[in-house]
Amino acid sequence: MSVFGAMDVSATGMTAQQLRMDTISENIANVYTTRDAEGRVYRRKTVVFEEKSYPTFGESLSMANGHIGKGVKVSQIVEDNTEGNKVYDPSHPDADADGYVIYPNVNTVTEMTNMIDATRAFEANVTVLNSTKGMAMRALNIGES
């Protein structure tokens, strides 16, 4: 793998983790959203990653020669369809006939744990990118002596 391929892998990882952090932030922001614009209860969203693929022969050849790093991409953002939390609150405007309100299926502790995981993955990619950059700079400095 070339230096630029390693940088590409790190860059795609940082981009994917940034989108994951944005999605987690959206979940936390909507933890008490009982009704969206369409009148539905907010559903927790998760990000699905997959390896970047290069389907054409030219792209595969470039990758085999070490010019392109594969990396990761976000394939989709999916909604979690588990049931939300039912809370008895007959005074709430979104309460049903029995007085229960359905809150989103978002658990703040789980989301914060996922946020820490995404942050650490992002930081690991930054470390790899900086190490790769440092190796490239040292290689350029070999000719100066």
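Eight salt bridges are counted in this chain, and I should say at once that the model is a predicted one. Let me take several of these pairs in turn.

Lys45 forms a salt bridge with Glu26, with 3.1 Å between the closest N and O atoms. Lys45 belongs to strand 1, residues 45-51, and Glu26 to helix 1, so this pair ties together parts that lie 19 residues apart in sequence. Glu26 has a relative accessibility of 32% and therefore counts as partly exposed.

The second pair is Asp94 with Arg35, where the closest N and O atoms are 2.7 Å apart. Here distant parts of the chain are linked: Asp94 sits in the loop between strand 3 and strand 4, Arg35 in the loop between helix 1 and strand 1, and 59 residues separate them. Asp94 is partly exposed, at a relative accessible area of 23%. Arg35 is likewise partly exposed, at 47%.

The third pair is Glu50 and Lys73, whose side chains meet in a salt bridge at 3.5 Å, N to O. Glu50 is in strand 1 and Lys73 in strand 2, and this pair, 23 residues apart, again links distant parts of the chain. Both residues are partly exposed: Glu50 at 37% relative accessibility, and Lys73 at 34%. In addition, Asp36, Glu38 and Arg40 are joined into one network by salt bridges that share partners.

I turn now to the chain as a whole. How many helices and strands does the secondary structure contain? There are three helices and four strands, and along the sequence they follow the pattern α-β-α-β-β-β-α. Of the contacts with a separation of 6 or more, 66% are between residues 24 or more positions apart. The chain has 145 residues, of which 27% are buried. Its accessible surface comes to about 9300 Å², and carbon and sulfur atoms account for 56% of that area.

Next, the last helix in the pattern. Helix 3 covers residues 108-141, which is 34 residues. From its first C-alpha to its last, helix 3 reaches 49 Å, close to the 50 Å expected at 1.5 Å a residue. At its start, a side-chain oxygen of Asn107 comes to within 2.9 Å of the backbone nitrogen of Val109. Which residues of helix 3 are buried? They are Glu111, Met115, Ala118, Asn125, Thr132 and Gly134. As general background, an α-helix has 3.6 residues a turn, so residues three or four places apart point the same way. The buried residues of helix 3 pack against helix 1, residues 3-29.

On the helix 1 side, I would draw attention to Ser10, which is placed in that helix. Is Ser10 buried or exposed? Its relative accessible area is 2%, and Ser10 is therefore buried. Setting aside neighbours within four places in sequence, Ser10 is in contact with Asn125, Val128 and Leu129. Asn125 is itself one of the buried residues of helix 3.

I move on to the strands. Strand 3 and strand 4 run antiparallel and are joined by four bridges. Asn85 stands opposite Tyr103 of strand 4. In a regular strand, side chains alternate between the two faces of the sheet. Strand 4, residues 100-103, shows such an alternation: Val101 and Tyr103 point to one face and are buried, whereas Tyr100 and Ile102 point to the other face and are not buried.

Two loop residues remain. The first is Asp80, in the loop between strand 2, residues 72-79, and strand 3, residues 85-88. Its side chain reaches the backbone nitrogen of Thr82 at 3.1 Å. Leaving out residues up to four places away in sequence, Asp80 touches Arg43, Arg44 and Asn105.

The second is Ser91, found in the loop between strand 3 and strand 4. With a relative accessibility of 65%, Ser91 counts as exposed, because the cut-off for that class is over 50%. The side chain of Ser91 makes a polar contact of 2.8 Å with the side chain of Asp89. Ser91 and Val101 are 10 residues apart along the chain, and their C-alpha atoms are separated by 9.6 Å.

Terms used: Residues are numbered from 1 along each chain as its sequence is written. This is a predicted model: local features need pLDDT of at least 70, side-chain atom pairs count only at pLDDT 80 or more; totals for chains, interfaces and linings use all residues. Side-chain values use heavy atoms; hydrogens and water are left out. A polar contact is a pair of N or O atoms within 3.5 Å; within protein, one must be able to donate a hydrogen and the other to accept it, and residues adjacent in sequence count only if both atoms are side-chain atoms. Contact means heavy atoms within 4.5 Å. Buried means under 20% relative accessible area, exposed over 50%, partly exposed in between (1.4 Å probe, protein chains only). Accessible areas come from the Shrake-Rupley method with a 1.4 Å probe; for residues, only the protein chains shown count as cover. The expected span of a helix is 1.5 Å times one less than its number of residues. Two strands pair if DSSP finds at least two bridges between them. A salt bridge is a side-chain nitrogen of Lys or Arg within 4 Å of a carboxyl oxygen of Asp or Glu.
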